[in-house]
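Dear colleague,

Please find the structure below, together with its sequence. A summary of what was found in it follows.

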Amino acid sequence: MAEPSGGAGGRLTRNTLSMLGARVVMAVAGLVTLPVVYGHLGPAEFGVWVLLSGLLAMGAVLDLGLGSALVREVAGTDSDPVTVRRLLGLGLGWGLLLGLLLLGVLATGWPWLSGLLRLGDLTREAWHATLWLLLGVVAGGVEVPWRAMLEGVQRYGALAVVTAVTAVLGATVTVVVLRLGGGLVELAACTAGTGILRTVLLAVAAERGHRHLAPRWGRLPHRDLRRVTGYGLRVQVTSGTGAINVELDKLVLGAAFGPTVAGSADLGVRLLNLLRLPPSLALLVIFPEAVRRTAVEGRAWLDGFYLTTLRYLAMVLAPAAAALMVAADPLVRLWLGHPVPWAGATIAILAPAYALNLIAGAATVTARVENRPGLETRYVVLSVAINLALTVPLLVLLGPLGVPLATSLGVALATGYFLTHFHRATARPVGPMLRVLWPPAAAATVAGLATAALTGLLPDGPGRAGALSALTSRAAVVLALAAALLLLCGYLRADERTRLRSVADAARSVVVPAGGGRR
């Protein structure tokens with residue numbers, strides 16, 4: 001039986017906040033740890049680490065889309081528990097088999113891969129690190145059914161605690177090991193150990209109170225196997241090609257310019273990915289609740305959910321992307337303490353495309369709720385095709401910056417196609433979507449261009465203090481201008497205007513004390 005909307009809303013808020021808290025902890029752990037890793041390993045060895053991580057990440061996405069499919073099965077109100085357990089067992093078995101397959105592929109192709117990626121004197125050390133990372137991939141595959149159990153029954157509190165604890169522990173061990181003189185192999189061992197510990201803790205948490213859903217191997221009816229694998233394979237195409245879009249850049253840069261350039265550009269990508277976590281997480285948490293509410297309240301509720309989610313994502317992410325583009329360089333300087341070639345430029349190039357892709361996540365969730373994940377497949381494949389077609393020409397014309405630019409154009413063009421195709425395929429009019437999207441996009445563009453023209457007048461300076469002043473002043477100007485433009489064009493509702501005034505008053509009270517300040 002569905003819960004009252006108030007209870008569902010409260011649960012959704014708690015789930016979002018708990019997982020957001022865990023991801024904030026993960027983000028902080030990454031922000032603290034990565035500069036230590038970069039500083040200890042140096043640009044060349046860090047570049048090798050980036051290439052190995054990217055290579056294994058591409059292999060890890062070959063999960064048959066079972067992660068999303070199993071969450072949907074567990075969350076379903078009419079699912080047979082015996083069938084669900086066997087489907088979770090299928091996910092467990094595939095996680096183990098995938099590790100063996102990847103080991104065989106890497107062992108066979110290693111001489112060719114090491115030459116392609118220009119590993120040079122680090123080849124032997126890189127191989128041992130790869131074996132440790134592969135163990136971490138196996139742990140991640142085994143983790144899938146347990147995570148699906150927790151997400152499907154919406155036990156996000158337990159999932160958040162495990163995620164946060166293992167992130168902090170892994171970051172601490174990594175820093176200690178590197179300070180004691182560890183290198184690539186030791187870093188990979190820390191990563192694998194953290195993954196194994198997380199899998200064990202998730203399994204324990206999932207079985208507490210939900211032992212009746214624990215994975216079990218057994219014979220599956222053909223119709224159930226076909227339903228889940230059909231859904232999962234469509235998701236697999238989406239996630240797999242998406243990973244290619246992200247990870248291929250590293251491999252191309254490594255093959256064309258060596259590990260150092262690949263590592264420098266990847267720093268920008270990693271920082272941008274950390275900043276993408278909150279909206280990505282919100283979409284992840286919304287999915288099971290959207291499945292339940294749609295089953296009870298039907299298409300009308302889902303239509304309203306889609307436009308509301310799209311509106312809030314656009315209103316937040318479009319100005320945020322403009323702020324990132326203008327403040328990319330001081331952001332990198334604040335993080336690492338000094339400029340890093342290609343990192344800031346990579347952030348500026350990818351930010352608008354990533355923002356558009358996240359905004360389209362409202363349509364992605366809606367399509368998956370309607371059991372139509374195949375709608376994503378075309379646009380993700382198109383994104384990769386455009387990326388591959390543009391990479392070499394732009395690489396020749398622009399050097400290393402041509403690689404992220406090809407990715408950005410591929411993502412942006414394919415996302416635009418997906419939104420149009422989604423509306424046509426689901427018989428939803430395009431007009432409401434455009435009315436939701438264009439004001440935030442226009443406001444963010446004008447605000448970003450105006451702030452870029454004013455950067456010479458805004459504070460800046462050497463070191464982290466100067467970077468912080470540059471970052472905060474540029475971001476503040478972009479966000480203030482975008483908010484003002486949205487107010488002027490009447491985009492914000494009355495309650496949103498009231499909330500915005502409250503935020504402005506609070507900020508003003510911090511800058512100017514209540515008793516008045518010196519003028």
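**Confidence and cores**

The protein has a mean pLDDT (the predictor's confidence in each residue, from 0 to 100) of 82, with 87% of its residues at 70 or more. This is a predicted model, in which local features need pLDDT of at least 70 and side-chain atom pairs count only at pLDDT 80 or more, while totals for chains, interfaces and linings use all residues. Residues are numbered from 1 along each chain as its sequence is written, and side-chain values use heavy atoms, without hydrogens and water.

Among the elements (helices are DSSP runs of H or I, at least four residues, numbered from the N terminus), helix H14 (residues 430–454) has the highest mean pLDDT, 94, and helix H16 (residues 494–511) the lowest, 62. pLDDT stays under 50 over residues 1–6 and also over residues 510–519. Where pLDDT is low, the predicted coordinates should not be read in detail.

The largest nonpolar core (buried Ala, Val, Leu, Ile, Met, Phe, Trp, Tyr and Cys residues joined through side-chain atoms within 4.5 Å; buried means under 20% relative accessible area, with a 1.4 Å probe and protein chains only) holds 66 residues, of which Trp146, Tyr306 and Leu310 touch the most other members. Helix H9 (residues 299–336) gives the largest share of this core, 9 residues. Another core, of 53 residues, lies apart from it and includes Val50 and Trp335.

Helix H11 (residues 361–369) is largely enclosed by the rest of the structure, because 9 of its 9 residues are buried. Just after H11, Asn371 takes a positive phi of about 60 degrees.

Yours sincerely

Note on methods
Helices (H or I, at least four residues) and strands (E, at least two) are DSSP runs, numbered from the N terminus. Contact means heavy atoms within 4.5 Å. Buried means under 20% relative accessible area, exposed over 50%, partly exposed in between (1.4 Å probe, protein chains only).
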